[in-house]
Amino acid sequence: MKLLLISAAIWFALDQGSKYAVVHAMDLISRGVIEVAPPFLTFKMGWNTGINFGLFSGGPEVTRWILIAIAIAITSWLTWWARNGLTRPIALISAGAVVGGALGNTLDRLVYGAVADFLNMSCCGIVNPFAFNVADIGIFAGALGLLIFANDSKMGRDGA
């Protein structure tokens with residue numbers, strides 16, 4: 001359980017610290033775009049009121065609160081699972097990445113009404129129109145880690 005909390009705190013801090021540095025200190029809000037190493041890395045300001053890739057964006061204000069409630073429910077369930085079923089350290093770290101990322105994006109929704117996205121990466125002639133943030137990386141990596149490493153948990157030992 002301690003590993004989940006440490007991992008969650010690290011991912012949350014990385015997310016919020018990077019958002020503060022890029023969005024506020026580098027004034028990406030006003031500048032809109034900062035080319036770091038184009039086309040591989042560009043900071044492109046985006047406010048996501050929906051979920052991944054802007055799905056459900058532009059909906060009513062109630063959508064914001066529904067997404068906050070879903071994030072809290074997921075983090076609560078993952079914390080319960082970590083306490084009652086996850087045994088491998090890497091699975092606990094993975095769960096923490098999801099929790100920290102989800103809480104980082106939830107804080108954005110509470111403070112700004114939307115999630116601050118700014119990372120844009122393209123490569124090899126493929127232009128990516130979407131922006132994401134460090135919390136999204138934590139959520140994706142953590143979910144992948146849980147898929148790979150949580151199979152040894154108490155909940156998955158019976159082969160079901």
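Guide: Buried means under 20% relative accessible area, and exposed means over 50%. Partly exposed lies in between. Keep in mind that this is a predicted model.

Visitor: Is Phe 118 buried or exposed?
Guide: The relative accessible area of Phe 118 is 2%. The cut-off for buried is under 20%. Phe 118 therefore counts as buried.

Visitor: In what order do the three strands form their open sheet?
Guide: Strands of a sheet can pair in a parallel or an antiparallel way. Here the pairing is antiparallel. Strand 1 (33–37) and strand 3 (115–120) are the edge strands, each pairing on one side only. The order is 1-2-3.

Visitor: How many degrees does the twist average from one strand to the next?
Guide: The sheet is open and has three strands. From each strand to the next, the twist averages 30 degrees.

Visitor: How many residues lie between strand 1 and strand 2 in their hairpin?
Guide: Strand 1 and strand 2 are antiparallel and share four bridges. Across this pairing, Ile 34 stands opposite Phe 43 of strand 2. The number of residues between the two strands of the hairpin is three.

Visitor: Which residue in strand 3 stands opposite Asn 48?
Guide: Asn 48 belongs to strand 2. Strand 2 (residues 41–48) runs antiparallel to strand 3, and five bridges join them. The residue of strand 3 opposite Asn 48 is Val 115.

Visitor: What distance separates the C-alpha atoms of Asn 48 and Asp 108?
Guide: Asn 48 has 11% relative accessibility, so it counts as buried. Along the chain, Asn 48 and Asp 108 are 60 residues apart. Their C-alpha atoms are separated by 9.8 Å.

Visitor: At about how many degrees to strand 3 does helix 4 run?
Guide: Two helices can be described here. Helix 1 (residues 2–25) lies across strand 2 and strand 3, at about 75 degrees to strand 3. Helix 4 (residues 89–112) also lies across strand 2 and strand 3. The angle of helix 4 to strand 3 is about 125 degrees.

Visitor: How far apart in sequence are the parts that Phe 43 and Phe 118 tie together?
Guide: Phe 43 and Phe 118 form an edge-to-face pair, 5.7 Å centre to centre, with 80 degrees between the planes. Phe 43 is buried too, at 11% relative accessibility. Phe 43 sits in strand 2 and Phe 118 in strand 3, so the parts they tie together are 75 residues apart.

Visitor: What kind of aromatic pair do Trp 77 and Trp 81 form?
Guide: Both lie in helix 3, four residues apart, so about one helical turn separates them. Trp 77 is partly exposed at 43%, and Trp 81 is buried at 12%. Their centres are 5.0 Å apart, with 35 degrees between the planes. The pair is tilted.

Visitor: What span is expected for helix 5, at 1.5 Å a residue?
Guide: Helix 5 (residues 134–149) has 16 residues. From first C-alpha to last, helix 5 reaches 22 Å. That is close to the expected 22 Å.

Visitor: Which strand do the buried residues of helix 5 pack against?
Guide: The buried residues of helix 5 include Val 134, Gly 138, Gly 142 and Leu 146. They pack against helix 1, helix 3 (61–84) and helix 4. They also pack against strand 3.

Visitor: Which residue's backbone nitrogen does a side-chain oxygen of Asn 133 reach?
Guide: This contact is at the start of helix 5. The oxygen comes to within 2.9 Å of the nitrogen. That backbone nitrogen belongs to Ala 135.

Technical notes. Residues are numbered from 1 along each chain as its sequence is written. This is a predicted model: local features need pLDDT of at least 70, side-chain atom pairs count only at pLDDT 80 or more; totals for chains, interfaces and linings use all residues. Side-chain values use heavy atoms; hydrogens and water are left out. Two strands pair if DSSP finds at least two bridges between them. Axes are lines fitted to C-alpha atoms, for helices over the stretch in contact, and angles run from 0 to 180 degrees between N-to-C directions. Contact means heavy atoms within 4.5 Å. The expected span of a helix is 1.5 Å times one less than its number of residues. Buried means under 20% relative accessible area, exposed over 50%, partly exposed in between (1.4 Å probe, protein chains only). A polar contact is a pair of N or O atoms within 3.5 Å; within protein, one must be able to donate a hydrogen and the other to accept it, and residues adjacent in sequence count only if both atoms are side-chain atoms. Rings of Phe, Tyr and Trp (its six-membered ring) pair if their centres lie within 6.5 Å; planes under 30 degrees apart count as stacked, over 60 as edge-to-face and the rest as tilted.
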